[in-house]
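Hello,

Here is the structure I promised to pass on to you. Have a look at it first, and then read my notes underneath.

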Amino acid sequence: MNKSDLINHIRAETGLKRDDAASALNAALGGISQALNDADTVALAGFGNFVIRERPAYKGRHPQTGATIQVPARKNVVFRPGKALKESVN
(Lines give C-alpha, C1' and ligand atoms only; values in the text may rest on other atoms or scores of the structure.)
Protein backbone atom coordinates (compact mmCIF):
# COMPACT_ATOMS: atom_id res chain seq x y z
CA MET A 1 0.00 0.00 0.00
CA ASN A 2 1.39 3.40 -0.91
CA LYS A 3 0.34 6.90 0.13
CA SER A 4 -2.26 7.22 -2.63
CA ASP A 5 -3.83 3.90 -1.63
CA LEU A 6 -3.92 5.03 1.98
CA ILE A 7 -5.65 8.28 0.99
CA ASN A 8 -8.25 6.26 -0.94
CA HIS A 9 -8.77 4.02 2.09
CA ILE A 10 -9.32 7.09 4.31
CA ARG A 11 -11.83 8.40 1.76
CA ALA A 12 -13.73 5.11 1.75
CA GLU A 13 -13.82 4.83 5.55
CA THR A 14 -14.72 8.44 6.34
CA GLY A 15 -16.52 9.80 3.29
CA LEU A 16 -14.11 12.73 3.04
CA LYS A 17 -13.18 14.31 -0.27
CA ARG A 18 -9.81 13.28 -1.71
CA ASP A 19 -8.16 16.62 -0.85
CA ASP A 20 -9.50 16.52 2.70
CA ALA A 21 -8.31 12.93 3.18
CA ALA A 22 -4.87 13.86 1.80
CA SER A 23 -4.71 16.86 4.16
CA ALA A 24 -5.66 14.69 7.13
CA LEU A 25 -3.00 12.10 6.27
CA ASN A 26 -0.35 14.78 5.69
CA ALA A 27 -1.23 16.42 9.01
CA ALA A 28 -0.93 13.12 10.87
CA LEU A 29 2.40 12.27 9.23
CA GLY A 30 3.66 15.79 9.87
CA GLY A 31 2.73 15.51 13.54
CA ILE A 32 4.57 12.20 13.85
CA SER A 33 7.63 13.64 12.10
CA GLN A 34 7.64 16.74 14.30
CA ALA A 35 7.34 14.70 17.49
CA LEU A 36 10.23 12.46 16.41
CA ASN A 37 12.33 15.51 15.51
CA ASP A 38 11.69 16.77 19.04
CA ALA A 39 12.98 13.38 20.35
CA ASP A 40 9.53 12.38 21.63
CA THR A 41 8.04 8.90 21.40
CA VAL A 42 4.85 8.58 19.36
CA ALA A 43 2.54 6.01 20.95
CA LEU A 44 -0.56 4.93 19.03
CA ALA A 45 -2.63 2.66 21.28
CA GLY A 46 -3.41 -0.65 19.61
CA PHE A 47 -1.06 0.08 16.72
CA GLY A 48 2.47 0.63 18.02
CA ASN A 49 5.19 3.07 19.00
CA PHE A 50 7.65 5.12 16.98
CA VAL A 51 10.84 5.75 18.97
CA ILE A 52 14.26 7.24 18.31
CA ARG A 53 17.15 4.86 18.90
CA GLU A 54 20.76 6.05 18.89
CA ARG A 55 23.39 4.00 17.08
CA PRO A 56 26.94 4.51 18.32
CA ALA A 57 29.85 5.27 16.00
CA TYR A 58 31.77 2.26 14.74
CA LYS A 59 34.58 1.30 12.41
CA GLY A 60 33.50 -0.08 9.05
CA ARG A 61 35.19 -1.17 5.87
CA HIS A 62 34.98 0.52 2.47
CA PRO A 63 33.72 -2.24 0.15
CA GLN A 64 35.79 -1.23 -2.90
CA THR A 65 39.13 -0.37 -1.32
CA GLY A 66 38.98 -2.38 1.90
CA ALA A 67 40.12 0.69 3.84
CA THR A 68 38.87 1.10 7.40
CA ILE A 69 36.52 4.05 7.81
CA GLN A 70 34.82 5.62 10.80
CA VAL A 71 31.03 5.51 10.55
CA PRO A 72 29.54 8.36 12.62
CA ALA A 73 26.93 7.94 15.34
CA ARG A 74 23.36 8.45 14.17
CA LYS A 75 19.75 8.31 15.21
CA ASN A 76 17.29 5.82 13.73
CA VAL A 77 13.52 5.76 13.85
CA VAL A 78 12.27 2.40 15.08
CA PHE A 79 8.69 1.14 14.96
CA ARG A 80 7.61 -1.33 17.62
CA PRO A 81 4.22 -2.85 16.80
CA GLY A 82 1.62 -3.08 19.53
CA LYS A 83 0.00 -6.26 20.75
CA ALA A 84 -3.22 -5.74 18.77
CA LEU A 85 -1.33 -5.21 15.51
CA LYS A 86 0.84 -8.28 16.09
CA GLU A 87 -2.23 -10.40 16.78
CA SER A 88 -4.12 -9.12 13.73
CA VAL A 89 -1.20 -9.95 11.42
CA ASN A 90 -0.75 -13.43 12.84
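Below is what turned up, starting with the aromatic rings and ending with an asparagine.

Please keep in mind that this is a predicted model.

How many aromatic pairs does the structure hold? There are two. One joins Phe-47 and Phe-79, whose ring centres are 5.4 Å apart with 50 degrees between the planes, a tilted arrangement. These two residues come from distant parts of the chain, 32 residues apart: Phe-47 sits in the loop between strand S1 (42-44) and strand S2 (48-55), and Phe-79 belongs to strand S5 (residues 74-81).

Are these two rings' residues buried or exposed? Phe-47 is partly exposed, because its relative accessibility is 38%, and Phe-79 is partly exposed as well, with a relative accessible area of 32%.

The other pair is made by Phe-50 and Phe-79: the ring centres lie 4.9 Å apart and the planes meet at 45 degrees, so this pair is tilted. It too links distant parts of the chain, with Phe-50 in strand S2 and Phe-79 in strand S5, 29 residues apart. Taken together, the ring pairs connect Phe-47, Phe-50 and Phe-79 into a cluster.

Strand S5 also contains Asn-76. The Asn-76 side chain makes a polar contact with the side chain of Arg-74, at 3.4 Å. Which residues does Asn-76 touch, leaving aside those up to four places away in sequence? They are Val-51, Ile-52, Arg-53 and Arg-55.

Enjoy exploring it, and write back whenever you like.

Best wishes

How values were computed. Residues numbered from 1 in each chain as written. Predicted model: local features only at pLDDT ≥ 70, side-chain atom pairs only at ≥ 80, totals over all residues. Heavy atoms only, no water. Phe/Tyr/Trp six-rings, centres within 6.5 Å; stacked < 30°, edge-to-face > 60°. Helix = DSSP H or I, 4+ residues; strand = E, 2+ residues; numbered from the N terminus. Buried < 20%, exposed > 50% of the residue type's maximum accessible area, 1.4 Å probe, protein only. Polar contact = N/O pair within 3.5 Å; in protein donor to acceptor, adjacent residues only side chain to side chain. Contact = heavy atoms within 4.5 Å.
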